[in-house]
Amino acid sequence: MRKLLLVNTNTEKSPYPIPPLGICLIASFLKDHYDVRIYDGMFDEGRRLEGVIKSFKPDFIGFSIRNVDEVVPERKTFFLARAYSGFIEPVRKITSVPLIIGGSGFTIFPSEIMEYTGADYGVAGEGEETLLTLLLKLEMGEDVSLIPNVYTKNGGGKMSVKKEWDYNLMPFSSIDRKLDFQPYSQRGVYSIQTKRGCAFGCIYCSYPLIEGKQYRLRTPASIANEIEETSARLGEGITFEFVDSTFNDPKGHAEEICRELIRRKIKVRLRTMGVNPRNTSRELFILMKEAGFAQIDVTPDSASPRVIRNLRKGFTMEDIRRTAGFIREFDIPSMWFFLFGGPGESSETFHETLSFIDDFISRDDLVYLSGGLRVYPATPLYNIALKEGRITTAERLLHPPFFYFSEESPQAKLKSWIDDACRERINCLPGSTTNPPEEMMREAVAQRLARGLTEPMFRTLLRLRKEWKEEGRIY
């Protein structure tokens, strides 16, 4: 059996380390065809990679590119440069086996990243079936240039995001069986996908490019099986995070997942990174509370009717207010994310969002305020920026990144508005702030241990932030 080494190049640990779900799913999918091993660079950061290659002797090496940059104007980290210098370049120096690039970051900029890294092949979009096809053809010495979503040094095959394969046939990721999960369990989460695809049309978003616009849902029974089996292996204390772009869409799917977990009496901590205001209901929050949700993230981006329409978010102010009311009623700890600077943003629309924050969001919940929309190719925002003359077709946008700011909310002015808003609101932080001061984090950890706190870390930190401000330790 030929050997395949999959390399996680993501080393970003802020705000918490994310386990490499994608390559674990690929490893599960390919296990009957190849001897697959994963090298996780999150904590080792490439130090032992050469030794792994020399001992394992892979026939193919795949590199996952999760993020290209930080999508925040104030933070300049170019993750692709880290991935290249820390993983891809050193590997190329010690082996001549085919190097294959993939991942969500690669899918957004496939041609540019092929050129930047000098990789032999690239796989855009979902990698399971495409990578298997590529590897089998390489083994047979056949032409791979016409495989959809495969890139070579001479260009790429036809891009396709039409997905017909039944997602329920995908074997579980079994992340903890493929790498050392212990470091993740201390600060991170166990990632679970309930679906692929996103039917929303937000003008800046790359999800439809990566996963397509058509939902492919896993059955609630399959999801519950995965959580139940993983929880039995890892024991108590693990938080499972649903990492779909939107957990509660289409309507009814999230409710059925919760019902299945409740029916089986599976007692675990849950969180989700994406609650969309459009399909929230009292029933949904009752079920989420009973199923064990300890935290949710809400990403309306704006609470201005005009900006919501311009961003094509697909929901209304009534939806956002209803969602905020349910969050407070059921006291589910929440982090809110607002993104300013899009088409039509102005001082008036900015303050409409601030009024919503003041009137509807609990002071115990955390609110991130960010400015500037990262422009990605093939998105509606890209076309808007072109039409307005902000960019040209000659600009490749990989690096340096281009951020869109409306004419009435230029970058410097918007940053000033955000900084002022955060100074006036103890639970609001600029989007460029992901880590608290080290001393505050140490104190938070000590409090949680001493008092046996199980609340989300952000609530402990917010309480400390309030105490520190009263004591004059922060301003």
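Biologist: Before we look around, what counts as a salt bridge here?
Modeller: A side-chain nitrogen of Lys or Arg within 4 Å of a carboxyl oxygen of Asp or Glu. Keep in mind that this is a predicted model.

Biologist: Fine. Which residue does Asp-331 form a salt bridge with?
Modeller: Arg-459. Their closest N and O atoms are 3.4 Å apart.

Biologist: Where do those two sit in the chain?
Modeller: In distant parts of it, 128 residues apart. Asp-331 lies in the loop between helix 15 (317–330) and strand 14 (334–340). Arg-459 belongs to helix 20 (residues 457–470).

Biologist: And Arg-459, buried or exposed?
Modeller: Buried, with a relative accessible area of 13%. Asp-331 has 44% relative accessibility, so it counts as partly exposed.

Biologist: Why would such side chains pair at all?
Modeller: Side chains of opposite charge can pair when their charged atoms come close.

Biologist: How many salt bridges are there in the whole structure?
Modeller: A search finds 43.

Biologist: Give me another. What does Arg-48 meet?
Modeller: The side chain of Asp-44, in a salt bridge at 3.0 Å, N to O. Arg-48 is exposed, with a relative accessible area of 58%. Asp-44 counts as buried, at 10% relative accessibility.

Biologist: What about Arg-442 and Glu-438, how far apart are they in the helix?
Modeller: They are 4 residues apart in helix 19 (residues 438–451), so about one helical turn separates them. Their side chains meet in a salt bridge, 3.9 Å from N to O. Arg-442 is exposed, and Glu-438 is too.

Biologist: Which residues join into one network through salt bridges that share partners?
Modeller: Glu-126, Glu-128, Arg-196 and Arg-216.

Biologist: New topic: helices. At what angle do helix 4 and helix 6 cross?
Modeller: Roughly 40°. The axes of helix 4 (residues 79–94) and helix 6 (residues 110–117) come within 11 Å. That angle makes helix 4 oblique to helix 6.

Biologist: Is the crossing left-handed or right-handed?
Modeller: The crossing of helix 4 and helix 6 is right-handed.

Biologist: Which residues meet there?
Modeller: From helix 4, Leu-80, Ala-81, Tyr-84 and Ile-88. From helix 6, Ile-113, Tyr-116 and Thr-117.

Biologist: What classes of residue does the contact of helix 4 with helix 6 have?
Modeller: It has 6 nonpolar residues, 1 polar and no charged ones.

Notes. Residues are numbered from 1 along each chain as its sequence is written. This is a predicted model: local features need pLDDT of at least 70, side-chain atom pairs count only at pLDDT 80 or more; totals for chains, interfaces and linings use all residues. Side-chain values use heavy atoms; hydrogens and water are left out. Buried means under 20% relative accessible area, exposed over 50%, partly exposed in between (1.4 Å probe, protein chains only). Axes are lines fitted to C-alpha atoms, for helices over the stretch in contact, and angles run from 0 to 180 degrees between N-to-C directions. Angles under 35 degrees count as roughly parallel, over 145 as roughly antiparallel, 65 to 115 as roughly perpendicular and the rest as oblique. A crossing is left-handed if the near helix is turned anticlockwise from the far one by less than a right angle, and right-handed if clockwise. Contact means heavy atoms within 4.5 Å. Ala, Val, Leu, Ile, Met, Phe, Trp, Tyr, Cys and Pro count as nonpolar, Asp, Glu, Lys and Arg as charged, and the others, Gly among them, as polar.
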